[in-house]
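Me: I have a structure to go through before I get back to the bench. Can you walk me through it?

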Amino acid sequence: MRENEIYDRRDIIKYQLRVNPYSHILNLLLLSYSLLLRDFKTIEDYSERLSIDSPNPCTHYELFRGINYLNKGNIKDANVAFKYALNIDPENHYSYLFKGLVNLKEGKSAKELFAKAISFATPYDRNALISITNEKEDEKLTIIFSEENLARKEFVNVIEELAKSSPNDPIFKIGLAEAYYKIGNYEKILKVLESVFTSFPDYPHALFLTGKILDEYLNNQNKANEYFKKAFKANPLSKYQWINLDLETINEPKEDEFQELITLFKNEKPIIGYFEEKYKELAFEKETVKMVNEPQKIEIKKEEVKEPVSKENEEPKEKEIKAELDEKQAIEYGIKLLKDGKYKEATEFFLKKLKESQNK
């Protein structure tokens, strides 16, 4: 979009917000257009007010609040905002993305966070994230949410063991709930979801599953709609939406505004574009510091003599390469166990790998 078009559209949205100030769709459009314009004053004003005053929590309000702090260089508060965004929706890929950026700024690893971001990313964001971060999706999450694995009744045992190994991780619990849903064990699903809601009452995926159970198993469409509405408000861009949800019944504008929001994120990628900009800036800063701090070597021409490679110098690099190969081979071995139907062995294998990764 051209800059003047963005300004014009944003002015119209500001006017509409006077009538409907807490419309999640209109506020997200306003914040997203402001990010495209790099208008952080508007982002600060609206995200702070919405975070405090909005009757319904929304992961994107906290996300934009974190982006504003990040732009100011306030890393500590940015990290708190991104964490709170994940407390609303533990599957929000943008929050993992920016938490990874915060980690890099603090000199920590972002590999695991970027891998989660890629795993939970929408189809229109996934390839862009892989290209920017040069990372791959999280192997464990791929296994847990694989439609092929979830379709097997025996795989429930694997997910149950994984959930036991990380009792406070809502993502493993949701994976277990999905597995129960696939085999039609509705009573167990509700118990799992109740435990999720204790700590994550606005988790869109959990709300969506609860709505489906109420609709399909208990035949209570009205109650189901309450959960679908709450899921929508927590994250309007979540893939866990109820396609028959009437936007007007939840005080939202017509369908064309919602489609405008989806199209904006697909085509203009406001959040991904800003992340890429900050990610490249950080990489440039690190490279500049490295060049300044490293003394320049003066090359002295002499007769080329091939010196033997020191095993002492090569050993750490070889170990690092071997560790990466071992990890990849191990994951492939675990997936092969699942495909061969050796679910007991697969469970023991993945539990062992999880414990090893937690102890690192």
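Reply: What follows is a short run through the fold, some salt bridges and a few helices of this predicted model.

Me: What is it built from, how many helices and how many strands?

Reply: The protein has 19 helices and zero strands.

Me: And how much of it is buried?

Reply: Of the 360 residues, 48% are buried. The exposed surface comes to about 20,300 Å², with 49% of that supplied by carbon and sulfur atoms.

Me: What about contacts between residues at least 24 apart?

Reply: Taking contacts between residues at least 6 apart in sequence, 59% join residues at least 24 apart.

Me: Salt bridges next. How many are there?

Reply: The structure holds 15. One of them joins the side chains of glutamate 260 and arginine 9, at 2.7 Å from N to O.

Me: Where do those two sit in the chain?

Reply: Arginine 9 is in helix H1, residues 3–19, and glutamate 260 is in helix H16, residues 255–267, so the bridge ties together parts that are 251 residues apart in sequence.

Me: Are glutamate 260 and arginine 9 buried or exposed?

Reply: Both glutamate 260 and arginine 9 are buried.

Me: OK. What does lysine 72 pair with?

Reply: Lysine 72 forms a salt bridge with glutamate 44, and their closest N and O atoms are 2.7 Å apart. This pair links distant parts of the chain, 28 residues apart: glutamate 44 belongs to helix H3 (residues 40–53) and lysine 72 to helix H4 (residues 59–72). Glutamate 44 has 24% relative accessibility and counts as partly exposed.

Me: Why partly exposed and not buried, at 24%?

Reply: Because buried means under 20% relative accessible area and exposed means over 50%, the 24% of glutamate 44 falls in between.

Me: What about glutamate 226 and lysine 223, how far apart are they in the helix?

Reply: They are three residues apart in helix H15 (residues 221–234), which puts about one helical turn between them. Their side chains meet in a salt bridge of 3.4 Å, N to O.

Me: Why would that spacing suit a pair on a helix?

Reply: An α-helix has 3.6 residues a turn, so residues three or four places apart point the same way.

Me: How accessible are glutamate 226 and lysine 223?

Reply: Glutamate 226 is partly exposed at 47% relative accessibility. Lysine 223 is also partly exposed, with 35%.

Me: Back to H1. What does arginine 10 touch?

Reply: Arginine 10, found in helix H1, touches Leu30, Tyr33, Ser34, Leu37, Asp39 and Thr42, leaving aside residues up to four places away in sequence. With serine 34 there is a side-chain polar contact of 3.0 Å. Arginine 10 is buried, at 6% relative accessible area.

Me: Different topic: which residues of H13 are buried?

Reply: In helix H13 (residues 186–199) they are Ile189, Val192, Leu193 and Val196. Seen down the axis of H13, these fall within an arc of 100°, so they line one face of the helix.

Me: What do they pack against, and what is on the other side?

Reply: The buried residues of H13 pack against helix H12 (170–183) and helix H14 (204–216). On the other side, Glu187, Lys191, Glu194 and Thr198 are exposed.

Me: And which residues of H11 are buried?

Reply: Helix H11 (residues 155–165) buries Phe155, Val156, Val158, Ile159, Leu162 and Ala163. Down the axis of H11 they fall within an arc of 155°, so they too line one face of the helix.

How values were computed: Residues numbered from 1 in each chain as written. Predicted model: local features only at pLDDT ≥ 70, side-chain atom pairs only at ≥ 80, totals over all residues. Heavy atoms only, no water. Salt bridge = Lys/Arg side-chain N within 4 Å of Asp/Glu carboxyl O. Helix = DSSP H or I, 4+ residues; strand = E, 2+ residues; numbered from the N terminus. Buried < 20%, exposed > 50% of the residue type's maximum accessible area, 1.4 Å probe, protein only. Arc of directions from axis to C-beta. Contact = heavy atoms within 4.5 Å. Areas by Shrake-Rupley, 256 points an atom, 1.4 Å probe, with all protein chains shown as cover. Polar contact = N/O pair within 3.5 Å; in protein donor to acceptor, adjacent residues only side chain to side chain.
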